[in-house]
Amino acid sequence: MVYIILGKGFEPMEAIAPCDILRRGGVEVQLAGIGGRTIEAGHGVTVQADCTVEQMKLADTDMVLLPGGLGGVHSILASETAMNFIRLAYEKNCLIAAICAAPTILASLHITDGRRATCYPGLEDQMDAAKMIPCGAVQDGNVITGRAAGSADEFGLACLRALKGEDTARQVASDIVYRA
């Protein structure tokens with residue numbers, strides 16, 4: 001199971017594109033809302049989550065995915081439930097993925113310490129001990145980071161590759177006519 005944590009003000013492209021790519025690849029995904037199931041994203045988009053963060057089950061978790069958007073990032077940082085879940089999932093060796101401003105959440109938990117990572121340009125100074133790589137998406141061990149909304153497809157494919165392998169990621173990339 002992949003849980004995509006949504007807080008008010010999240011960047012919709014960074015949640016929906018990876019969700020769609022993962023589901024096309026046969027991965028079970030649930031959108032998990034902070035503060036309820038109807039979550040107002042950025043840009044006037046509202047999304048109906050599948051569950052709340054309180055309903056996430058660690059035992060079923062393969063990956064936790066965090067979209068960016070400063071409002072969404074602040075919502076996650078302010079949610080003790082979400083932050084504890086991310087920390088526990090990482091300690092359980094689940095895949096942890098974050099894009100845009102969300103890698104700063106991982107930095108605050110020391111998850112990116114010593115790892116190659118990327119984030120939204122200008123937020124590198126909040127990434128503490130990460131080894132910053134200016135690219136669309138990068139995986140280092142069980143941590144995947146993405147740069148911004150413009151790399152949401154690349155990030156989603158990196159997440160799919162980590163879960164289902166290169167062949168599945170290549171097939172989905174072909175199906176959506178993805179071009180790097």
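A salt bridge is defined here as a side-chain nitrogen of Lys or Arg within 4 Å of a carboxyl oxygen of Asp or Glu. The model is predicted, so that local features need pLDDT of at least 70 and side-chain atom pairs count only at pLDDT 80 or more, while totals for chains, interfaces and linings use all residues. Residues are numbered from 1 along each chain as its sequence is written, and side-chain values use heavy atoms, with hydrogens and water left out.

**View 1. Salt-bridge network of Arg161, Glu166, Asp167 and Arg170.** The side chains of Asp167 and Arg170 form a salt bridge with an N to O distance of 3.3 Å. Asp167 and Arg170 are 3 residues apart in helix H6, and are therefore separated by about one helical turn. Salt bridges with shared partners link these two residues with Arg161 and Glu166 in one network. Within it, Glu166 and Arg161 meet at 2.8 Å, N to O. Asp167 is exposed, at a relative accessible area of 59%, whereas Glu166 is partly exposed at 36% and Arg161 is likewise partly exposed at 36%. In these terms, buried means under 20% relative accessible area, exposed over 50%, and partly exposed in between (1.4 Å probe, protein chains only).

**View 2. The salt bridge between Asp140 and Arg115.** The two side chains meet at 4.0 Å, N to O. Asp140 belongs to strand S10 and Arg115 to the loop between helix H4 (103–108) and strand S8 (116–117), so the pair ties together parts that are 25 residues apart in sequence. Both Asp140 and Arg115 are buried. By the stated criterion, the count comes to 8 salt bridges.

**View 3. Helix H5 and its packing partners.** Helices (H or I, at least four residues) and strands (E, at least two) are DSSP runs, numbered from the N terminus. H5 comprises 13 residues, 152–164, and its end C-alpha atoms are 18 Å apart, in agreement with the 18 Å expected at 1.5 Å a residue. The expected span is 1.5 Å times one less than the number of residues in the helix. Ala152, Phe155, Gly156, Leu157, Ala158, Cys159 and Leu160 are buried in H5. The buried residues of H5 pack against several elements, among them helix H1 (12–24), strand S6 (63–66), strand S7 (95–99) and helix H6 (166–175). After H5 comes Gly165, with a positive phi near 95°.

**View 4. Cysteines Cys94 and Cys159.** A disulfide is a pair of cysteine sulfur atoms within 2.5 Å, and by this rule the count comes to 0 disulfides. Cys94 is in no disulfide, and the nearest cysteine sulfur, that of Cys159, is 13 Å away. For Cys159, the closest cysteine sulfur is in Cys19, at 11 Å, which is too far for a bond. Cys94 counts as buried at 4% relative accessibility, and Cys159 is buried at 0%.

**View 5. The environment of Glu11.** Glu11 is found in the loop between strand S1 (2–6) and H1. Glu11 is buried yet has no salt bridge, and the nearest side chain of opposite charge, Arg147, is 14 Å away. For charge, Lys and Arg count as positive and Asp and Glu as negative, whereas His and the chain ends are not counted. Leaving aside residues up to four places away in sequence, Glu11 touches His43, Pro67, Gly68, Gly69 and Ala149, where contact means heavy atoms within 4.5 Å.
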